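Visitor: I'd like a close look at one part of this structure, please. Pick a helix that has plenty going on around it and tell me what sits there.

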Amino acid sequence: MDEVERSDEAKNLMIILKKYEDQIDVGDYQDDGEREVTILKYEADIKYFPPCIMHILAAYHPKIGRARWKALFVSFLGQVGWPEEKAKKLFNKVSEQLGGPSSNIFKSWFRKMICFSCKKIQKKGSGFPHGEMGETGICHHDDICKEIANPLEYVERKRKDDLTLFSFEYNGKKHQIKFKQNEEKLLCYIITDDKKGLENETVLDFFRRENKRKEFFKGIYLSLDVVDKTEKDEIIKIFTPILLQLQETNIFSTDPIKEKEQQPKQYRKGKHKKTQRLGQYKEEDVIQEVYTDNTTIVVHTDTGVFLDKMIGVDKNGNEKWAPQKVFHGHIKPMEKLVIDGEFTVFLYQGDQERIADMPGIIRDIKKGGGVLNKNKIDDCINAIFLDLPTRTGHATAGVYEEGDRLELCLDAMPINDAQRRIKAQCEPSIKQEITKESLKAYFDTTNFWHDYEILPSMGTGAISPFVLMLRKHGKMFPNIWNFSPATHLGKSTVEKIFSMYLFSIFPLNGNSIDSEFRLSLAYDGICAYQVVEEADDVNWRKLEAILRDTPENYLCNVRGRADQTSAQFLSRAVLGINSNRFPVMGENTLVRIFKDEFDASVIDGRAGSDDRVEQLSETLNRLTPIGWRLAEIELEDVNHSLDILLERIANHEKEIRRLYTDFFDPRRAVAWSAIFEGLKIWESSAIKYGLEWRAPSYEDFVKNVIDHIETSTKDAREPPVMHFLRWFEMWQVQNITRIYFDSGQSEEQIRGINNIWAQDKELPNKPEYRGDIITSAITHEYQQTKNSKIDKVADIAKAINVITGIPVKELVGSWKIGGRSRYGVFLPYKIWKDDAPAPQKEENNKDPPDLEIQQVDIEKIERYIQQQGGKTGRVSETRFLAFLNCALARTDSERYLKVLLERGIVTRYSVDNEGIGFTGGK
């Protein structure tokens, strides 16, 4: 009861009521209604108490409101998680400070009555036991009080503010990061020097979701202006313990259902009844259920995939489950496939039957638009693909090792779009049988081309299903490149006969392979002969690494995926490339190519003869896809043994090496031997079907095929040192500069001369060799060019040694350049300037015969003219003489210039400043 005014009447009333005070059950006067008393799960620290409670703790014998203050205080202690003994001890102390009645208040209010609301505390009242107490002056609200409804909320809010404010040091400054909840989102911002930085928003359970953690850190990086990866790693290191501490506090609501429901009983597989939400799925639609843990089931139905989660039990002990649809659509796992002994993929039915690995299945599903929960789809799909029957196979048709036997695989299980496309193309050839007529048609095609033009592709087509196995066992099998500047010679037709006609594999356009990924797909498409047409515009320099490595490597390429997995491509195919120009010059790449230059002199006899064209057309119309039957014939001949096949190829190699000794790489003999074995396959089929065609003898094959193609290929190669020398030749022309003297006169010089290089020096002990000396400064500049092929000075010396026989120790070493010793290499003119004159005595320089203008000189001069602005251009005498000296290696360039005037190649020559004019050369 409350105090009343100090009057005699009041005093008398108090005396009368005093003896009944202990009998009063103040709990009967709770006017906040019959509400459940909520008790915090933790013991709140006094520092989190609201201002009104702190005022009670500090107060001493207030004039009015003592009983109401005590009731508020004890009900508050009952809800903030304090143990009864500890709360009673503090209450007794405070009660003594306040004075007034206290005998029954603790017993009646502790954990039995809810704390008064702020609204009631602030409202003026009529006295105890009512909770209005505005006239007592107890309320001392602060900023937090403006946002709460009762003192208990103040504790939660203050504790949350305290537990979600973290300090850290970074980059020499002190910062704080503040977290707060805004409905279902978590807000965080950084405070630096009392200034609030960028505010970031994420979901409440972000620390359990990797993608949301990344979003969180992006905002932090932006707030702190962090860009460098090292700095980002440092920030993650700083924030990891902060996030762990935040997670451990568990002060943010992340799962309201679990807070309100009872904890589920121990779940036992197959011994429960599920109470499902209506309208989700029917029991008869369920294909399978996969139990991922005690409280989660992945349900696979005809119409989609669901994730059932147990959310509690009802009062009768029945489990309550909440199904969520993760994917809408039909998906049917069928088989687990182990492809090529290395790749695990799955056969499944969606909109159509497909084969893909797990990342591919997920991508396919997401593209289809049926995914309803992107965060759960990966786990759910993985769950329904767990228990499947396993089958082994291969991604493409071809010959593979199965144990100790070679077997032909025609039931391919493609794993990428290129393989699926080729499989569809090859369907007609899978069941095609050989007849005598269809076989004879292929032999008839050999009458339309030279042996060297058709037999390489013919042998390659027959042996191509075996190529992956040959490469796997270290046998190089090059690409076939049909080349000629002239058109209408049948370059692409020859290759298509033994690819498109033989296996039903349609040619690829050059544009379709103009990237490492697309070229890798072409190699991995099928174990057969794959034609690439219109290859003139392909950037082969970009693809040279694959073109060089694939012919003798089992693995073509390995590429990373966005999901951190990798995709592997095998070297199954042999490429048949055709073009009107041949852009490959690197010797290492040419080793892996058979450059077959067609005979341009017979173009009128081929494309110009109507009868011949008609005969060829009629022959092509008789061709049928019998390539796989040829592979079966070879398997029978070698008794399905790889050892026998390799032994046959080794025997061919022995005979070919005996007859041809000029291979520029020994591996090419092995490749020719495999192609010859392909021709023997054709011979075996001819014998089997009673035809007269026979493979050429070793002698004829070497004479009519190998010699022509080896010569053609060697002519195209360019040693790396020659690439450097051509670059250095042009470098000298492009680096002419004018030097000014104190006298006011000037002259033009090539940059760096007598400093980093020296011109026209004699090789010691070998006066017949003259040339330039360069240092590593020149090679370093060369290495900065896009297409450099030489790494260091020593490499140049080794290459020159191979060409000239001059010992390396005489070519490389310390040289006097510009009055000091420099480490460098000697470049003899004889290997890169064919017309460079030998040193002559002065008396022999009257009119040397080697001043005759060669066509190569004219071509070089014309290129120089174009660089100087064409025929109307002008150039100084000194600059042009320097060009003659560098590009044409003329040590007597002034006299050479007079000959150019006489020949009409230059129109003007004078010592004045008018310079030299050009006619362009005639």
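Guide: Here's a tour of one helix and its surroundings, with a few stops elsewhere afterwards.

First, the ground rules: this is a predicted model, so local features need pLDDT of at least 70 and side-chain atom pairs count only at pLDDT 80 or more, while totals for chains, interfaces and linings use all residues. Residues are numbered from 1 along each chain as its sequence is written, and side-chain values use heavy atoms, with hydrogens and water left out.

The chain has 34 helices and 29 strands. Helices (H or I, at least four residues) and strands (E, at least two) are DSSP runs, numbered from the N terminus. Of its 922 residues, 50% count as buried. Buried means under 20% relative accessible area, exposed is over 50%, and partly exposed is in between (1.4 Å probe, protein chains only).

Our helix is helix 26, residues 667–688, which supplies ten residues to the largest nonpolar core, the largest share of it. A nonpolar core here is a set of buried Ala, Val, Leu, Ile, Met, Phe, Trp, Tyr and Cys residues joined through side-chain atoms within 4.5 Å. That core has 80 residues, and Phe498, Trp672, Trp682, Trp693 and Phe701 have the most contacts inside it. Apart from it lies another core of 35 residues, Ala59, Leu90, Val94 and Trp109 among them. As background, nonpolar side chains in soluble globular proteins tend to be buried together.

Trp682 is a good place to stand and look around. Leaving aside neighbours within four places in sequence, Trp682 is in contact with Leu439, Tyr442, Phe443, Met458, Ala462, Phe498, Leu502, Leu630 and Trp693. Contact means heavy atoms within 4.5 Å.

Next, the partners of helix 26. Two packed helices are described by the angle between their axes and the distance between the axes. Axes are lines fitted to C-alpha atoms, for helices over the stretch in contact, and angles run from 0 to 180 degrees between N-to-C directions. One partner is helix 15 (residues 451–463), whose axis comes within 7 Å of that of helix 26 and crosses at roughly 80°. That makes helix 15 roughly perpendicular to helix 26. For the labels, angles under 35 degrees count as roughly parallel, over 145 as roughly antiparallel, 65 to 115 as roughly perpendicular and the rest as oblique. On the helix 15 side you'll find Leu455, Pro456, Met458, Gly459, Thr460, Ala462 and Ile463, meeting Trp672, Ala674, Ile675, Glu677, Gly678, Leu679, Ile681 and Trp682 of helix 26. By class, this contact has eleven nonpolar, three polar and one charged residues. Ala, Val, Leu, Ile, Met, Phe, Trp, Tyr, Cys and Pro count as nonpolar, Asp, Glu, Lys and Arg as charged, and the others, Gly among them, as polar.

Another partner is helix 24, whose axis comes within 10 Å of that of helix 26, with a crossing of roughly 95°. Helix 24 and helix 26 are therefore roughly perpendicular to each other. Here Leu630, Ile633, Glu634, Glu636 and Asp637 in helix 24 meet Glu677, Ile681, Trp682, Ser684, Ser685 and Lys688 in helix 26. The class tally for this pair is four nonpolar, two polar and five charged residues.

Helix 24 itself is mostly covered, with eight of its eleven residues buried. Those are Gly627, Trp628, Arg629, Leu630, Ala631, Ile633, Glu634 and Leu635. Just after helix 24, Asn639 takes a positive phi of about 55°, although Asn639 is not a glycine. Asn639 lies in the loop between helix 24 (627–637) and helix 25 (642–659), and counts as exposed because its relative accessibility is 56%.

Now the stops elsewhere. Asn765 is not a glycine either, yet has a positive phi of about 70°. Its loop runs between strand 24 (757–763) and strand 25 (766–775), and Asn765 is exposed, with a relative accessible area of 75%.

Last comes His394, in the loop between strand 12 (390–393) and strand 13 (398–402). His394 counts as buried because its relative accessibility is 9%. Its side chain makes a polar contact of 2.7 Å with that of Asp340. A polar contact is a pair of N or O atoms within 3.5 Å; within protein, one must be able to donate a hydrogen and the other to accept it, and residues adjacent in sequence count only if both atoms are side-chain atoms.
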